[in-house]
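The questions below go through one model step by step, and each answer closes on the value or name that was asked for.

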Protein chains: 2
Amino acid sequence: MTAAPVRVLLADDEHLIRGALAALLSLEEDLVVVAEAATGPEALAMARAHAPDVAVLDLQMPGADGVKVATSLRAELPSCKVLIVTSHGRPGHLKRALAAGVRGFVPKTTSAQRLAELIRTVHAGNRYVDPELAADAISAGDSPLTAREAEVLEHAADGAPVAEIAERAALAEGTVRNYLSSAAGKLGAENRHAAVRLARERGWV
Amino acid sequence: MTAAPVRVLLADDEHLIRGALAALLSLEEDLVVVAEAATGPEALAMARAHAPDVAVLDLQMPGADGVKVATSLRAELPSCKVLIVTSHGRPGHLKRALAAGVRGFVPKTTSAQRLAELIRTVHAGNRYVDPELAADAISAGDSPLTAREAEVLEHAADGAPVAEIAERAALAEGTVRNYLSSAAGKLGAENRHAAVRLARERGWV
DNA sequence: CACCGGGCATGACAAATGTCAGAAGGCGTC
DNA sequence: GACGCCTTCTGACATTTGTCATGCCCGGTG
């Protein structure tokens, strides 16, 4: 069976990896890298121009992260399957990615050989999620935070004082303190800063 | 001139990159990858076993980071030149790396082609530092923090309350607060948490 | 030697933060 | 409509924090 090769888009801001990967994937006879991109917007533009079968996206890229790109892609190019590759697997990201219609989600500790297989898997219409990441996501569970709690936590992310958070969120200071307090309580954190760290780790912010 | 090929050790925790890189570098006739490692200690062990000419190390690896490995390597295997590759170029890291006797320091946005050239450059006894990273390091300047300030700031990194920091650093709470305060002042931060963030960004912790 | 400046430490005070109880409005469910 | 839950706010309080004045010790300078 000599079907048409799978057309792949590669997006990663690290040239070293992108180039190396492109070279390795080209070794596979049934795969062809038709486009490369270093940023989110670039990936989107490339996808529009080349209409690849599968898009391999890094999770963290300048401009727009992999999940955002996947969301846009899903709307504009539904036939293009998305496979996300990431270095730091945060549980929450996996959930967001799946919600965005991503078909595959694997850590960068995967070998190139395996990645090639997964590209085929995804192209065939199947899904694949790294078992370890999936386990993490399940054990981390859903975010216990309400929408406002998460929002306020996000505003607190850079260590800003309560007054500033209140202004940015257009809330009273007391209200902000309450949300921060309840969020920290739910996360089992000593204070809001530790809470921010925890929420970050779990991908809840 | 068909000199003996340059023997290279490759250390990076991301299998995808390591493998791809190994494949690409092997394409170069005068380079041969003699060992691979996924963690700091593993890199060290591999270096001892294979005595490579050049060690290409990722800055962030489990176990021990690239700079620590470089330090040990310098003591144990002085003939082995170290080239550090990093995704997130923090100015301070560059300084630490050079102090550890590292011969090259480049971001992962470098192409594999260029990396191969740099391996030769480094092997020939020359140094190379990415110009942009160098500029960052220079503009960021030296850490204005005293040893104690930096130490306390490090203990404060995970958002722990002052009491805990005081215990860990074996200082009085008031003293800790003072160091934190002066550090925040020097960094132009609103509070210690923002200070931690800034110091992190500049690689001063 | 006397002096100065910087690093180090402390305690006291003021400001920011975390905690709690309570109350009012909105929204969805049974 | 009664109930529960989220959101928003308020005020009061305890705790944590940031800031300041102060003192000690040490290495260098004149």
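Q: In this predicted model, which part of DNA strand C lies 3.0 Å from a polar side-chain atom of T175(B)?
A: The model is predicted, and side-chain atom pairs count in it only at pLDDT 80 or more. T175(B) places a polar side-chain atom 3.0 Å from DNA strand C, and the strand's partner in this pair is a phosphate oxygen.

Q: How far is a phosphate oxygen of DNA strand C from an N or O atom in the side chain of Y179(B)?
A: Y179(B) is listed with N178(B) and A172(B) among the closest residues to DNA strand C. From an N or O atom in the side chain of Y179(B), the distance to a phosphate oxygen of that strand is 3.2 Å.

Q: What kind of atom of DNA strand C lies 2.8 Å from a polar side-chain atom of N178(A)?
A: Of the atoms of DNA strand C within 4 Å of the protein, 60% belong to sugar or phosphate and the rest to bases. N178(A) is one of the closest of the 16 residues that surround this strand. A polar side-chain atom of N178(A) reaches to 2.8 Å from the strand, and the atom found there is a base nitrogen.

Q: Which helix gives the most to the surface near DNA strand C?
A: Helix α9 (173–187) of chain A and α9 (173–187) of chain B each supply at least two residues of this surface. By class, the residues of the surface divide into 5 nonpolar, 7 polar and 4 charged. The helix that gives the most, with 5 residues, is α9(B).

Q: Which helix gives the most to the surface near DNA strand D?
A: DNA strand D is surrounded by 17 residues, and the closest include T146(A), R148(A) and R192(B). Helices α7 (147–155) and α9 of chain A, together with α9 of chain B, each supply at least two residues of the surface near this strand. The most, 5 residues, comes from α9(A).

Q: How far from a phosphate oxygen of DNA strand D is a polar side-chain atom of T146(A)?
A: Several side chains of chain A approach phosphate oxygens of DNA strand D, among them Y179(A), with a polar side-chain atom at 2.8 Å, and T175(A), with an N or O atom at 3.3 Å. For T146(A), the distance from a polar side-chain atom to a phosphate oxygen of the strand is 2.6 Å.

Q: Is α7(B) roughly parallel or roughly perpendicular to α9(B)?
A: Helix α7 (residues 147–155) of chain B and α9(B) pack with their axes 9 Å apart, at an angle of about 100 degrees. Since angles of 65 to 115 degrees count as roughly perpendicular, the relation of α7(B) to α9(B) is roughly perpendicular.

Q: How many residues of the contact of α7(B) with α9(B) are charged?
A: On the side of α7(B), the residues that meet α9(B) are R148(B), E149(B), V152(B) and L153(B), while those in α9(B) include V176(B), Y179(B) and K186(B). The contact of α7(B) with α9(B) has 7 nonpolar residues and 1 polar one, and the number of charged residues is 3.

Q: Why are α2(A) and α3(A) described as roughly parallel to each other?
A: Helix α2 (residues 40–50) and helix α3 (residues 66–76) of chain A pack with their axes 10 Å apart. Because angles under 35 degrees count as roughly parallel, the description of α2(A) and α3(A) as roughly parallel follows from their packing angle, which is about 20 degrees.

Q: How many residues in the contact of α1(A) with α5(A) are nonpolar?
A: The axes of helix α1 (residues 15–26) and helix α5 (residues 112–123) of chain A come within 10 Å and cross at roughly 65 degrees, which makes α1(A) roughly perpendicular to α5(A). The contact is made by L21(A), L24(A) and L25(A) of α1(A) and by A112(A), L115(A), A116(A) and I119(A) of α5(A). This contact of α1(A) with α5(A) holds no polar and no charged residues, and the number of nonpolar ones is 7.

Note on methods. Residues numbered from 1 in each chain as written. Chains lettered and ligands numbered in written order. Predicted model: local features only at pLDDT ≥ 70, side-chain atom pairs only at ≥ 80, totals over all residues. Heavy atoms only, no water. Near = heavy atom within 4 Å. Polar contact = N/O pair within 3.5 Å; in protein donor to acceptor, adjacent residues only side chain to side chain. Helix = DSSP H or I, 4+ residues; strand = E, 2+ residues; numbered from the N terminus. Nonpolar A, V, L, I, M, F, W, Y, C, P; charged D, E, K, R; others polar. Axes fitted to C-alpha atoms, helices over the stretch in contact; angles between N-to-C directions. Parallel < 35°, antiparallel > 145°, perpendicular 65-115°, else oblique. Contact = heavy atoms within 4.5 Å.
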